[in-house]
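Work through the exercises below with the structure open beside you. Try each task before you read its solution.

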Amino acid sequence: MRQSQISRRVAAVAVSLVLAGGAAACGPEDAADKASAGGGPGASGSAPQKGGTLTVLNNEPQSDFDPARLYTSGGGNVPSLVFRTLTTRNREDGPAGAKVVPDLATDLGRPNADATEWTYTLKDGLKYEDGSPITTADIKYGIERSFAAELSGGAPYLRDWLVGGETYEGPYKDGGKGLDSIVVPDAKTIVFKLRKPEGEFPFLATQTQFAPVPKAKDTGVKYEEHPVSSGPYKVAKNTGDGETLLLERNENWDPKTDEERKAYPDRIDVRSGLDAAVINQRLSTSSGPDAAAVTTDTNLGPAELAQIGDNKELASRVGTGHFGYVNYLAFNPKVAPFDNPKVRQAIAYAVNRTSVVNAAGGSALAEPATTFLPEREAFGYTPYDPFPAGKTGNPAKAKELLKEAGFADGLTITLTHSNAQNRQTSPEIATAVQQALAAAGITVKLEGLETNAFNERRWDAKNTPGFFLSRWGADWPSGGPFLAPIFDGRQIVTNGSNYNHAQLNDPAVNAEIDEIAKLTDLAAAGKRWGALDKKIGEQALDVPLFHPVYKRLVGKGVKNVVISDWTGVLDISQVAVK
Amino acid sequence: MTGFVLRRLGAALLVLLALSAVVYALFYLAPGDPARLACGERCNPQQIAQVREQLGLNDSVPTQYLRFLQGVLAGRDYSGGAGLVLHCDAPCLGFSYQNDRQVTELLLERLPATFSLALGALVIWLVIGVGTGLLSAVRRGGLTERLLTVVTLAATGTPVFILGLLLLMAVCAYLRWLPFPTYVPFGDDPEQWAWNLLLPWVTLGFFESAKYARLTRSSTLETLAEDHIRTFRAYGVGERALVTRHAVRGAVAPVIALSAVDFGTMIGGAVLTESLFGIPGLGKTLIDGVRVVDLPVVVGVVLTIGTAVVIAGAVADLLYAVADRRVALA
Amino acid sequence: MSVLTTGPVPAAGVTTPAAGTGRQVWRRLRRRPSAVAAAAVLALLVLLALAAPLFAQLTGQDPNAYHDDLVDSARGGVPLGSFGGISADHWLGVEPGSGRDLFVRLLYGARISLLVALGATALQVLLGVAAGLTAALGHRILGRFIGGVTDVMIALPMLVLAIALTAVVPPDFPRPLLLVLVIGVLDWGGTARLVRAQTLSLRGLDFVEAARLSGNGTLRIARRELLPSLAAPVITLAAIKVPTNMVIEASLSFLGVGVKPPTPSWGQMLSSAQTWFRADPAYVLLPAGLLFVTVLAFTVLGDGVRTALDPREGSRLRVGTGKERTT
């Protein structure tokens with residue numbers, strides 16, 4: 001889901017997952033990295049110890065530090081230190097980190113026969129920072145308040161999945177009735193009633209909306225200043241709307257109830273609003289407190305990678321990560337000439353993925369992609385390449401197809417892109433595509449829009465451009481949140497944000513999506529998502545360009561770097577500075 | 001005098017009103033739906049509608065503008081959820097779509113950075129600019145003067161971001177005398193505050209210094225040409241003494257007045273310098289606001305800038321009048 | 001208004017005597033070596049800019065063609081080879097990431113810089129003279145109104161509004177034209193005020209009075225008697241405006257609201273070069289140096305023109321004391 005980048009909130013998402021996703025999920029060709037991930041950056045020296053202050057140097061502030069408003073993958077990085085959720089991501093290196101594990105709950109949830117009802121039981125001895133017990137009523141309340149218009153920002157799944165979710169307006173306007181589809185039989189049990197089978201519900205329960213919020217402590221939009229902690233740290237200071245955030249130990253957090261968070265440092269000092277160049281410079285110099293510093297949202301840029309070059313000391317402190325994400329060329333097949341499959345195929349053949357990858361920052365920051373799904377097992381990755389363009393494109397084959405399509409004399413089309421400087425949907429990528437298509441006799445005119453206008457065009461089902469740059473990131477590591485919003489015909493939204501750009505409404509595809517959603521065996525589901533991706537890919541409804549890679553620098557004194565295939569970033573709950 | 005001040009004040013208010021209306025109108029023509037922007041990614045239509053209602057975006061544009069003006073003069077209330085009513089005191093510049101914050105609060109938070117930048121630049125141009133100007137007035141026709149001419153021309157010609165970039169490149173990347181600047185608030189650590197602002201100060205101060213050197217020099221020379229100075233000279237008073245004790249007075253009024261104008265303009269945000277050095281001031285806030293079409297922030301910053309410039313202009317006139325009695329108030 | 005916010009040259013109310021014949025001015029200008037050198041630099045630049053397609057042919061380089069083989073993809077796309085990848089084919093090296101030819105891109109960038117700077121100046125002068133003359137010669141109420149608008153225009157934070165305007169105009173509007181319009185329309189206040197003040201003082205002079213008495217209409221007087229006398233100060237102001245406008249264009253492009261890719265522009269190149277100053281210094285220094293030299297040449301020439309038109313002012317060093325600096 002992640003796509004816009006400029007909105008702060010979105011960026012916050014992008015931060016907590018995507019960009020922040022910078023460090024380490026490893027691709028097949030990254031086997032070496034994977035092996036070294038645990039012993040990768042900062043592996044030197046003795047075993048990790050408790051104590052010290054970890055500094056986090058970030059670009060985007062932790063604004064909206066309210067569990068109802070955060071849009072995270074797996075509960076986010078900094079937020080996950082304060083908010084515990086029913087389930088959470090497995091804090092392990094590599095592919096094992098893409099698993100979902102229990103957090104506040106005793107298990108991943110008990111589904112009924114058709115996976116439309118999920119029941120959770122809380123662990124014993126769970127307490128808030130003030131020592132009062134955590135109850136399921138507070139989890140229900142936390143979810144309900146995420147429906148309030150004042151607290152907008154989270155992911156859409158709760159509204160889409162819970163019975164009555166589409167019309168519920170939150171606890172401030174419901175006259176105390178609450179949302180009936182969340183049932184709390186007792187203080188330890190909670191039951192969710194869904195509109196249709198959702199085998200991946202345990203993944204959703206990792207998001208911060210599933211963190212408990214005591215109703216008596218709810219202060220509406222001001223709750224973000226001091227949200228009540230259920231995790232190993234509590235907010236000691238929050239200034240400038242999350243620009244600086246000081247977290248201290250929550251003495252009422254019992255490590256015996258939490259197998260995932262290590263919480264080595266005594267304090268976490270989050271400083272944001274810094275320029276990417278400054279963050280990387282400070283991490284590389286690592287002087288004073290910066291030696292015990294990490295970033296959860298800033299990647300190394302191409303120029304910085306060029307600089308690190310052959311500096312072994314610096315290179316040893318760079319972590320590599322992959323987050324489920326794809327950048328692609330999208331078509332609107334309702335617009336001529338993209339209604340002609342041969343034209344779409346010709347473009348797929350003509351694309352030069354080497355220049356595109358270079359424009360995205362080079363082979364260290366992007367991997368050429370021919371599949372929509374990221375190259376990770378958790379997503380159900382199944383390799384396919386229906387229109388082999390080779391490394392630098394096949395203009396001859398493209399010309400041939402254009403001739404068959406009736407465009408023997410060439411073709412002029414418009415490519416819509418954004419002006420954001422993100423090396424994703426930005427002018428660099430667009431001009432690389434423009435150049436490659438020129439070789440196949442296709443003249444591409446560029447239409448660059450400011451970020452908001454670009455997103456609105458892209459998401460407007462009635463006015464979608466014929467040909468544009470787009471991108472998609474996973475809310476959790478599975479094929480579901482990757483393929484369903486993009487290719488499910490029933491998710492075409494005509495009066496809001498539509499992500500099914502091709503407006504594909506194929507009964508067979510829809511039926512298969514429903515069938516997979518019923519599976520609670522996630523491995524079996526993965527295989528079928530992969531097969532579905534391949535089947536859709538053959539229709540050339542889009543041209544996958546690349547999957548981004550994240551390169552993250554850590555300070556000299558940072559130990560126990562863990563980077564999972566879920567977030568692709570260094571997991572802040574595992575880091576030690578002593 | 002009172003009449004003069006009142007007239008200036010009235011004109012200033014009109015300028016500000018026109019400015020806010022123009023920016024407001026402009027941004028309603030801009031692409032982008034504020035409700036969707038405020039709602040965040042993947043909002044469903046119902047949610048967007050709720051947010052639109054909450055932000056009062058269903059009313060006509062003139063109504064919204066009037067409400068905005070009312071907020072500036074009298075303050076406004078917002079629903080904060082959980083039965084909470086947030087009061088935004090006058091001058092309330094509205095509520096940022098992007099940051100979920102009151103614009104006034106946001107701007108007040110950014111003001112110290114901009115103020116710090118302008119203050120340091122002011123010191124530099126007063127010391128270096130005026131100093132060089134006086135020096136060249138003493139040694140007319142010498143090497144100093146020729147150098148001054150060249151440097152001034154170069155300073156007029158260089159875009160500020162080129163000097164800033166080159167300084168960053170030389171001082172931070174190659175010589176490594178300073179780390180890459182990060183703004184540190186004065187209250188947190190005055191020493192770090194100064195070190196980190198040094199490069200931006202030098203960048204801005206350099207240009208302004210050249211301008212002030214010229215101004216100082218020409219005003220001093222004008223005074224030197226006046227009758228009473230000739231009399232002093234005839235009595236055998238040395239050239240240096242003439243300049244430092246007498247002629248310098250001629251430069252005081254224009255330098256002070258122009259400083260007021262420049263300082264006001266800089267409070268309004270040195271957009272390029274702030275962007276280049278990542279200083280979280282008004283200028284950077286504005287650029288970020290424009291990029292995401294965050295109307296309340298843009299209107300707020302433009303009004304603040306306008307106010308600063310207008311006040312500075314008025315102060316300059318008054319200072320000029322006080323410092324130089326010969327100028328009658330028009 | 002403020003004594004100091006008046007246009008930079010010459011102070012309002014100062015009557016500039018006829019600046020002498022064109023030939024005299026030309027001779028004075030030629031006697032200044034700095035002005036001659038600046039003019040030579042600019043002539044060369046204009047020539048290069050005009051000949052950009054020719055050079056593209058000569059070197060065999062398209063300004064937008066990608067060269068994947070000239071950059072090191074594993075190292076962020078840094079150009080292979082020394083000094084930013086200088087070679088027989090790529091005289092000034094290539095751009096990191098894309099491998100596009102820098103020499104040809106810089107030449108095409110010069111076209112944008114020159115076009116926008118000159119175009120915007122022409123528009124400013126046109127609007128300024130029209131508004132100034134109307135304010136001085138038109139009806140009293142009209143004059144007041146225009147005077148007020150002029151004051152507002154001068155007080156506007158120019159760069160800020162330019163940024164805002166470029167963001168709201170539809171993307172298919174030609175960008176160079178948009179930049180000319182935005183810069184031209186937002187910054188004519190100074191010219192208008194100067195022209196108005198000059199006209200008011202000229203109006204009382206004998207030769208204008210004589211023309212009026214002999215029954216000439218306002219328009220005719222404006223054209224026959226006033227415009228020639230206004231030429232000197234207006235040309236001076238225009239000469240100073242050109243480099244200012246060039247800096248504004250570069251600034252807007254630097255901030256990402258100027259011309260759109262793949263059209264090359266110096267400001268835009270500098271903005272993407274920002275992060276590269278350590279890994280590929282040539283990429284920063286080339287556009288920076290070119291922009292610096294060009295703007296400096298225009299400034300020196302402008303200064304020369306001013307002195308040549310008004311020799312009395314020669315020692316006053318007024319350039320750069322205006323409020324037009326872009327910070």
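**Exercise 1. Trace the sheet of chain A that holds β4, β5, β6 and β7: in what order do its strands lie, and is the pairing parallel or antiparallel?**

Solution. This is a predicted model.

Step 1. Read across the sheet: the order is β4-β5-β7-β6 in chain A. These 4 strands form an open sheet with antiparallel pairing.

Step 2. Find the edges. They are β4 (110–111) and β6 (182–186) of chain A, and each pairs on one side only.

Step 3. Look for a helix on this sheet. Helix α4 (residues 136–145) of chain A packs there and touches β6 and β7 (189–193) of chain A. The direction of α4 makes about 165° with that of β6(A).

Step 4. Start from the β4 edge. β4(A) pairs with β5 (residues 117–121) of chain A through 2 bridges, in the antiparallel sense. Within this pair, A:Arg110 faces A:Thr119 of β5(A).

Step 5. Move to the other edge. β6(A) and β7(A) run antiparallel and are joined by 3 bridges. One of the partners to locate is A:Thr189 in β7(A), which bridges to A:Asp186. A hairpin of 2 residues links β6(A) to β7(A).

**Exercise 2. Which residue in the loop between β4 and β5 of chain A has a positive phi although it is not a glycine?**

Solution.

Step 1. Go to the loop between β4 and β5 of chain A; A:Ala115 lies there.

Step 2. Check the backbone angle. The phi of A:Ala115 is positive, about 60°, and the residue is not a glycine.

**Exercise 3. Which strands stand at the edges of the sheet of 5 strands in chain A?**

Solution.

Step 1. Write down the order, β8-β9-β10-β1-β11 in chain A. The sheet is open and its pairing is mixed.

Step 2. Pick out the strands with a single partner. They are β8 (233–239) and β11 (293–294) of chain A, so one side of each has no neighbour in the sheet.

Step 3. Follow β8(A) to its partner. It pairs with β9 (residues 244–249) of chain A over 6 bridges, in the antiparallel sense. A:Tyr233 has A:Arg249 of β9(A) as its bridge partner.

Step 4. Recall what holds such pairs: strands of a sheet pair through backbone hydrogen bonds, either parallel or antiparallel.

**Exercise 4. Which residues does a cis peptide bond join in chain A?**

Solution.

Step 1. Look at A:Ala336 and A:Pro337: the bond between them is cis, with omega about 0°.

Step 2. Place the proline. A:Pro337 sits in the loop between β13 (325–331) and α10 (341–350) of chain A.

**Exercise 5. How many residues does each domain of chain A bring to the contact between them?**

Solution.

Step 1. Set the bounds. The domain assignment gives chain A domain 1 (69–225) and domain 2 (325–548). Their C-alpha centres are 33 Å apart.

Step 2. Count the contact: 14 residues come from domain 1 of chain A and 14 residues from domain 2 of chain A.

Step 3. Sort the domain 1 side of chain A by class. It has 7 nonpolar, 4 polar and 3 charged residues.

**Exercise 6. Where do the domains of chain B lie, and what classes of residue does domain 1 of chain B bring to the contact?**

Solution.

Step 1. Take the assignment for chain B: domain 1 (32–92) and domain 2 (103–329). The C-alpha centres of these two domains lie 39 Å apart.

Step 2. The contact uses 6 residues from domain 1 of chain B and 4 residues from domain 2 of chain B.

Step 3. The domain 1 side of chain B holds 5 nonpolar residues, 1 polar residue and no charged residues.

**Exercise 7. Which residues of chain B does UniProt annotate as "transmembrane region"?**

Solution.

Step 1. Read the unreviewed UniProt entry. It gives residues 115–135, 147–177, 193–210, 255–277 and 297–323 of chain B.

Step 2. Compare with the model. Residues 115–135 of chain B are 100% helix and 0% strand, with end C-alpha atoms 29 Å apart. Residues 193–210 of chain B are also 100% helix and 0% strand, and their end C-alpha atoms lie 25 Å apart.

**Exercise 8. Over which residues of chain A does pLDDT stay under 50?**

Solution.

Step 1. Begin with the whole chain. Chain A has a mean pLDDT of 88, and 92% of its residues reach 70 or more.

Step 2. Find the low stretch: pLDDT stays under 50 over residues 1–40 of chain A.

Step 3. Draw the caution. Where pLDDT is low, the predicted coordinates should not be read in detail.

Key
Residues numbered from 1 in each chain as written. Chains lettered and ligands numbered in written order. Predicted model: local features only at pLDDT ≥ 70, side-chain atom pairs only at ≥ 80, totals over all residues. Domains from an automatic or database assignment. Contact = placed C-beta atoms within 7 Å. Nonpolar A, V, L, I, M, F, W, Y, C, P; charged D, E, K, R; others polar. pLDDT = per-residue confidence, 0-100. Pairing = 2+ DSSP bridges. Axes fitted to C-alpha atoms, helices over the stretch in contact; angles between N-to-C directions. UniProt positions renumbered as here; feature names shortened; annotations may be inferred.
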